[in-house]
4 protein chains.
Amino acid sequence: MTEWQEHEPIYIQLAQLVLDRIIRGTLAEGEAAPSVRQVASQERINPLTVSRAYQTLVDDGLLEKRRGIGMFVAAGARDRAISNERQRFLEELWPQIEARIRLLGLSADELLQGGAA
Amino acid sequence: MTEWQEHEPIYIQLAQLVLDRIIRGTLAEGEAAPSVRQVASQERINPLTVSRAYQTLVDDGLLEKRRGIGMFVAAGARDRAISNERQRFLEELWPQIEARIRLLGLSADELLQGGAA
Amino acid sequence: MTEWQEHEPIYIQLAQLVLDRIIRGTLAEGEAAPSVRQVASQERINPLTVSRAYQTLVDDGLLEKRRGIGMFVAAGARDRAISNERQRFLEELWPQIEARIRLLGLSADELLQGGAA
Amino acid sequence: MTEWQEHEPIYIQLAQLVLDRIIRGTLAEGEAAPSVRQVASQERINPLTVSRAYQTLVDDGLLEKRRGIGMFVAAGARDRAISNERQRFLEELWPQIEARIRLLGLSADELLQGGAA
DNA sequence: GTGGTCTAGACCACT
DNA sequence: GTGGTCTAGACCACA
């Protein structure tokens with residue numbers, strides 16, 4: 001069971017988790033995504049919430065619905081996911097992170113060593 | 001007027017903005033924070049929402065109420081704020097950020113140096 | 001419908017009532033607290049006011065939110081509540097009460113018999 | 001400088017303090033109460049607030065205003081104050097206190113004896 | 001003028 | 001159905 005963030009809708013967080021698995025390759029292209037019911041029971045959330053998460057990925061063309069069978073990772077999903085996420089990270093997130101690092105007076109050393117340790 | 005993020009409550013975002021100003025020193029210790037009504041009208045948000053933001057800072061000991069007069073930046077607020085935020089960043093946020101950087105095949109090293117360039 | 005004290009905010013009084021029920025055990029651990037709307041309509045107060053009361057109990061770890069389901073009495077809430085309240089009573093309230101008893105020249109007999117009568 | 005309670009108006013708390021001094025006798029009958037200005041500056045509160053506190057005591061017949069001179073403790077003030085406060089304590093406060101003691105599983109008997117110890 | 005509390009009523013995310 | 005957030009507007013205590 002995942003710990004959910006307070007203010008972000010669960011379905012968005014869940015979509016992100018699936019997306020990460022696609023990028024990581026632990027959910028390979030052509031492979032079936034875990035069924036809505038399975039995820040819902042594992043994570044103890046409502047099936048509707050899982051459905052919504054999957055739907056956002058379908059909308060992004062990363063998952064494909066095959067009626068009566070389930071959801072499958074689309075062809076080319078991994079490359080597209082990486083490219084999208086990289087862009088989003090570099091353009092939206094990193095500038096904010098960098099600003100915060102400067103505001104807090106943190107050094108590259110502190111950050112890199114902390115991470116390496 | 002500030003642009004607000006989608007999912008994060010305004011009062012939390014506002015509290016963060018004030019906190020940043022305390023850290024930056026543009027809101028100095030002993031100084032009066034802008035009044036609830038003033039912020040409310042400037043930001044076009046409800047006074048109650050501003051109140052809630054301020055309350056979280058009072059709870060953290062960064063602001064002090066003086067009845068009938070206003071809210072003032074507490075003594076030692078800046079140091080405490082910096083120390084709290086650094087800890088939160090290094091322990092909670094940075095590990096996640098670093099994981100994301102790795103996941104996307106980016107290099108923290110380069111990103112951090114890029115920031116200096 | 002409860003009678004509210006003059007100067008104490010309703011949300012604090014309400015939180016105290018719920019806390020007392022937890023201590024008394026009439027609101028058992030794991031049980032759902034009455035819903036915000038239900039309390040609001042029963043007590044003829046605003047849902048926001050009820051929410052605030054509940055939030056203070058969540059902050060104290062006595063209630064747990066389950067998204068979309070409701071508020072539940074946390075595990076171990078009763079013991080923690082009793083222990084907290086005892087400490088608060090003995091350290092903060094009782095010394096003041098005792099001072100007042102002495103100031104008014106009241107005797108243990110008067111007090112105990114009055115109560116028994 | 002006194003520490004004020006959060007939710008009780010300062011003027012009521014202040015009136016109580018003066019009343020206590022009258023009961024204690026440190027503010028004797030016929031004696032002048034400290035001037036509004038003096039109290040206001042000592043307690044760092046607004047003179048208006050002090051005035052209001054004094055006014056409630058005037059209304060109760062415990063203080064007398066002598067124009068241009070100040071406020072004086074009324075004749076018989078002490079006896080009346082003690083009698084009023086005793087009644088209020090025994091009828092209003094003590095029953096609540098006793099209920100709380102029982103709720104918390106404490107013993108009024110022991111608490112009262114402990115005070116003597 | 002300051003902040004605090006409350007109401008009535010709306011919309012959102014989640015079950 | 002659940003709680004969370006926000007608005008608009010009122011009144012109170014205090015300076």
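This tour moves through the chain pairs, two helix packings and the two DNA strands of a predicted model.

**Stop 1: chains A and B**

Select chains A and B together. Chain B is superposed on chain A by a rotation of 178 degrees with 0.0 Å of shift along its axis, at an RMSD of 1.0 Å. That is the relation of a two-fold axis.

Next, colour the contact between these two chains. Chain B gives 23 residues to the contact and chain A gives 22 residues. On the side of chain B that touches chain A, the elements that give two or more residues are helix H1 (10-24), helix H4 (77-103) and helix H5 (108-116) of chain B. H4(B) supplies the largest share of that side, ten residues. By class, the side of chain B that touches chain A holds twelve nonpolar, three polar and eight charged residues. Of the interface residues of chain B, 87% are also interface residues in chain A, so the copies meet through the same surface.

**Stop 2: helices H1 and H4 of chain B**

Keep chain B and hide chain A. Display H1(B) and H4(B), whose axes come within 8 Å and cross at roughly 115 degrees. An angle of 65 to 115 degrees counts as roughly perpendicular, and H1(B) and H4(B) are therefore roughly perpendicular to each other. Their crossing is left-handed.

Show side chains for the residues where these helices meet. From H1(B), select B:Leu19, B:Ile22 and B:Ile23; they meet B:Ala77, B:Arg78, B:Ala81, B:Ile82 and B:Glu85 in H4(B). The contact of H1(B) with H4(B) has six nonpolar, no polar and two charged residues.

**Stop 3: chains C and D**

Now select chains C and D. A turn of 178 degrees and a shift of 0.2 Å along the axis lay chain C on chain D with an RMSD of 1.0 Å. To locate the axis, centre on C:His7, which has the C-alpha nearest the axis in chain C, 3.3 Å from it.

The contact takes 22 residues from chain C and 24 residues from chain D. H1, helix H4 (77-103) and helix H5 (108-116) of chain C are the elements that give two or more residues to the side of chain C that touches chain D. Within that side, the largest share, nine residues, comes from H4(C). The residues of the side of chain C that touches chain D divide by class into twelve nonpolar, three polar and seven charged. The same surface serves both copies, as 95% of the contact residues of chain C recur in chain D.

**Stop 4: helices H1 and H3 of chain C**

Isolate chain C and display H1(C) and H3(C). The axes of these two helices come within 8 Å and cross at roughly 55 degrees. H1(C) and H3(C) are therefore oblique to each other, and their crossing is right-handed.

On H1(C), select C:Ile10, C:Tyr11, C:Leu14, C:Ala15, C:Val18 and C:Leu19; on H3(C), they meet C:Thr49, C:Val50, C:Arg52, C:Ala53, C:Thr56 and C:Leu57. This contact of H1(C) with H3(C) has nine nonpolar, two polar and one charged residues.

**Stop 5: chain pairs without contact**

Bring all protein chains back into view. Chain A and chain C do not touch, and their nearest C-alpha atoms are 9 Å apart. Chain B and chain C are likewise joined by no contact, with their closest C-alpha atoms 11 Å apart.

**Stop 6: DNA strand E**

Which residues come nearest to DNA strand E? Of the 29 residues around this strand, they are A:Pro9, A:Thr49, C:Ile10, C:Asn46 and C:Gly68. Three chains have elements that each supply at least two residues of the surface near DNA strand E:

- helix H1 (10-24) and helix H3 (47-59) of chain A;
- helix H2 (36-43), H3 and strand E2 (70-73) of chain B;
- helix H1 (10-24) and H3 of chain C.

The surface near DNA strand E has 16 nonpolar, ten polar and three charged residues.

**Stop 7: DNA strand F**

Finally, select DNA strand F. Among the 29 residues around it, B:Ile10, B:Asn46, B:Gly68, C:Ser35 and D:Pro9 come nearest. The elements that each supply at least two residues of the surface near DNA strand F are these:

- H1 and helix H3 (47-59) of chain B;
- helix H2 (36-43), helix H3 (47-59) and strand E2 (70-73) of chain C;
- helix H1 (10-24) and helix H3 (47-59) of chain D.

By class, the surface near DNA strand F comprises 16 nonpolar, ten polar and three charged residues.

Note on methods:
Residues are numbered from 1 along each chain as its sequence is written. Chains are lettered from A and ligands numbered from 1 in the order in which they are written. This is a predicted model: local features need pLDDT of at least 70, side-chain atom pairs count only at pLDDT 80 or more; totals for chains, interfaces and linings use all residues. Copies are superposed by least squares on the C-alpha atoms of residues with pLDDT of at least 70 in both. Two residues are in contact if their C-beta atoms, placed from the backbone, lie within 7 Å. Helices (H or I, at least four residues) and strands (E, at least two) are DSSP runs, numbered from the N terminus. Ala, Val, Leu, Ile, Met, Phe, Trp, Tyr, Cys and Pro count as nonpolar, Asp, Glu, Lys and Arg as charged, and the others, Gly among them, as polar. Axes are lines fitted to C-alpha atoms, for helices over the stretch in contact, and angles run from 0 to 180 degrees between N-to-C directions. Angles under 35 degrees count as roughly parallel, over 145 as roughly antiparallel, 65 to 115 as roughly perpendicular and the rest as oblique. A crossing is left-handed if the near helix is turned anticlockwise from the far one by less than a right angle, and right-handed if clockwise. A residue is near a molecule or strand if its C-beta atom, placed from the backbone, lies within 6 Å of it.
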